[in-house]
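Colleague: I should like to go through this model by question and answer. Please give the reasoning with each reply.

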Amino acid sequence: MLWQSAMALMVLAAPALAQEAKPHPPQETLIRNVRVFDGRSDRLSGPTDVLVRGNAIAAIGTGQQASAGAALIEGHGRTLMPGLIDVHVHLTFSAMPLLALFQPDLTPETAEGEAARAAETMLMRGFTAVRDAGGPVFGLKAGIDSGNYRGPRVWPSGATVSQTAGHGDFRTPNEPSRRFTGQLSRAERLGATFIADGRDEVLTAVRENLRFGASQIKLMAGGGTSSEYDPLDVTQYTLDEMRAAVEAAEDWGTYVMVHAYHPRAVRRAVDAGVKVIEHGQMLDEDTLRLLAERGVWLSLQTLMAGSPNMAEARRIKRRPVIEGQERVWPLAKQLGVKLAWGTDFLFEPEINAAQNAYILRLRAWFTPAEILKLVTYDNAQLLALSGARSPYQGRLGVVEEGALADLILVNGDPLANLELIADPAKNFAVIMKDGRIFKNQP
Ligand SMILES: [Zn+2]
């Protein structure tokens with residue numbers, strides 16, 4: 001029993017020590033004379049002031065007074081809007097080409113360093129929050145949150161959960177399964193994926209991610225374009241395996257998102273209780289209707305053909321997906337499906353700088369106001385599905401009193417000229433995340 005008393009003492013002692021440090025008043029920033037895009041409206045507000053205290057928006061209205069020592073930003077009538085949100089990134093796998101990831105001497109530390117550099121440039125493009133849709137990310141996220149790295153807020157999924165031969169099974173062509181004569185695969189060792197078959201292994205994989213702080217679970221429900229061995233049309237995981245993942249996630253207060261393109265995989269996922277479909281570019285009208293009826297989110301992309309460095313096999317596999325998105329975006333909008341937007345860049349660090357420009361592709365189907373709402377307010381509603389498992393409590397995607405202070409000051413009016421957001425280096429004068437100023441170029 002002695003050790004128990006000792007443990008209790010240690011636990012009790014910790015808060016007492018912490019209280020000795022004197023709390024200093026939260027930092028304030030007064031942003032004067034801006035017109036606000038609030039994340040939802042189709043027009044800007046009249047000229048106003050926005051007071052940020054600590055990490056939240058304290059007040060909005062003309063004539064705000066800040067306390068002594070507050071930072072002052074003169075808006076000169078420019079536009080203040082919520083930070084951009086991308087709900088489908090792979091912070092680690094978009095930071096490095098495939099060849100580098102396959103280097104035998106690649107360490108987790110090297111990968112994290114590369115990803116941290118890429119995360120900083122992402123924040124400097126105005127992306128203040130992202131959902132990481134799979135890959136080693138927990139160390140990176142902790143480094144960003146503690147201030148060691150500069151990057152967006154991260155909703156991490158951790159390792160993807162995939163069946164054997166599924167979209168997350170990245171073994172080499174002749175590498176046998178660890179269940180038979182093989183060993184744990186490289187992608188599993190890197191924290192990229194769990195190859196899990198059957199209810200029991202799926203439960204363990206999901207719970208392992210949750211233990212590390214996953215805010216939602218990413219599961220592979222159908223064939224993919226960036227994997228070599230699973231044809232695009234296949235369905236992955238039985239209904240019972242998928243239900244097991246949903247049960248474990250929901251018992252933890254969060255949800256499952258699945259990678260899936262075609263109706264058969266998506267219908268099974270919906271039956272299993274999955275809340276978010278990633279991709280869905282090959283869906284038919286009936287299945288989109290089902291998503292609308294059940295309130296299931298469709299998290300879609302605006303993919304382009306890919307860089308010249310993309311492998312030919314991958315390029316061919318992507319073709320029907322890219323063609324499908326031209327049909328699915330407008331149809332899903334028309335049917336009232338809950339839509340979210342993400343980029344899903346993978347293994348092509350040379351295209352990361354085009355993250356903002358990819359938003360402009362939505363102009364084929366949406367007005368500028370709808371687009372800005374999608375990449376701020378709507379995407380934030382999707383992040384909020386993580387509920388109490390969200391790593392950052394508070395409202396995002398809006399400029400409102402009480403909301404978290406993730407803000408961009410734009411040189412001009414993006415509702416009138418959406419192209420402004422595609423050149424963040426030139427047009428984003430201020431970038432603030434969590435009340436902290438990361439860029440200020442008056
Ligand atoms: Zn992805």
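Colleague: Asp434 lies in the loop between strand S17 (428-433) and strand S18 (436-440). What is the phi of Asp434?

Modeller: This is a predicted model, in which local features need pLDDT of at least 70 and side-chain atom pairs count only at pLDDT 80 or more, while totals for chains, interfaces and linings use all residues. Residues are numbered from 1 along each chain as its sequence is written, and side-chain values use heavy atoms, with hydrogens and water left out. The strands that flank this loop are DSSP runs (E, at least two residues), as are helices (H or I, at least four), numbered from the N terminus. Although Asp434 is not a glycine, its phi is positive, at about 55°.

Colleague: Is Asp434 buried, partly exposed or exposed?

Modeller: Buried means under 20% relative accessible area and exposed over 50%, with partly exposed in between (1.4 Å probe, protein chains only). Asp434 has a relative accessible area of 31%, so the class is partly exposed.

Colleague: Which residue of strand S13 (residues 276-279) has a positive phi without being glycine?

Modeller: The phi in question is near 85°. The residue has a relative accessible area of 2% and is therefore buried. It is His279.

Colleague: Which residues supply the protein donors of the zinc ion?

Modeller: Donors are N, O and S atoms within 2.8 Å of the metal (3.2 Å for Na, K and Ca); water is not among the atoms, so sites may look incomplete. In sequence the donor residues follow the spacing H-x1-H-x253-D. The donor atoms, two NE2 and one OD, lie 2.1 to 2.2 Å from the zinc ion and belong to His88, His90 and Asp344.

Colleague: How many residues apart in sequence are His90 and Asp344?

Modeller: His90 is in the loop between strand S6 (84-89) and helix H2 (98-101), and Asp344 in the loop between strand S15 (339-342) and helix H11 (355-360). His90 is buried because its relative accessible area is 6%, and Asp344 is buried at 13%. The pair links distant parts of the chain, with a separation of 254 residues.

Colleague: Which strand pairs with S6, and which of its residues stands opposite Leu84?

Modeller: Two strands pair if DSSP finds at least two bridges between them. S6 is mostly covered, six of its six residues being buried. Four bridges join S6 to its parallel partner, S7 (residues 127-132). In S7, the residue opposite Leu84 is Phe127.

Colleague: Which residue takes a positive phi in the hairpin of S2 and S3?

Modeller: Strands S2 (residues 48-53) and S3 (residues 56-60) run antiparallel and are joined by four bridges. Val50 stands opposite Ile60 in this pairing. Two residues lie between the strands, and the positive phi, near 65°, belongs to Gly54.

Colleague: Which backbone nitrogen lies 3.0 Å from a polar side-chain atom of Ser162?

Modeller: Ser162 lies in strand S9 (residues 160-162) and is buried because its relative accessibility is 0%. Contact means heavy atoms within 4.5 Å; not counting residues up to four places away in sequence, those touched by Ser162 include His167, Thr193, Phe194 and Tyr237. The backbone nitrogen at 3.0 Å is that of Gly168.

Colleague: Where in helix H10 (residues 312-335) does the kink lie?

Modeller: H10 has 24 residues and reaches 35 Å from its first C-alpha to its last, close to the 34 Å expected at 1.5 Å a residue, where the expected span is 1.5 Å times one less than the number of residues. The bend at a residue is the angle between axes fitted to the seven residues ending there and the seven starting there. The bend in H10 is about 35°, and it comes shortly before the proline Pro320, at Arg318.

Colleague: How many residues of helix H12 are buried, and on which residue is its kink centred?

Modeller: The 16 residues of H12 (residues 368-383) should span 22 Å, and the end C-alpha atoms are 22 Å apart, so the two values agree. Of those 16 residues, 12 are buried, so H12 is largely enclosed by the rest of the structure. One of the buried residues is Asp378, at 15% relative accessibility. The kink, of about 45°, is centred on Leu374.

Conventions:
A polar contact is a pair of N or O atoms within 3.5 Å; within protein, one must be able to donate a hydrogen and the other to accept it, and residues adjacent in sequence count only if both atoms are side-chain atoms.
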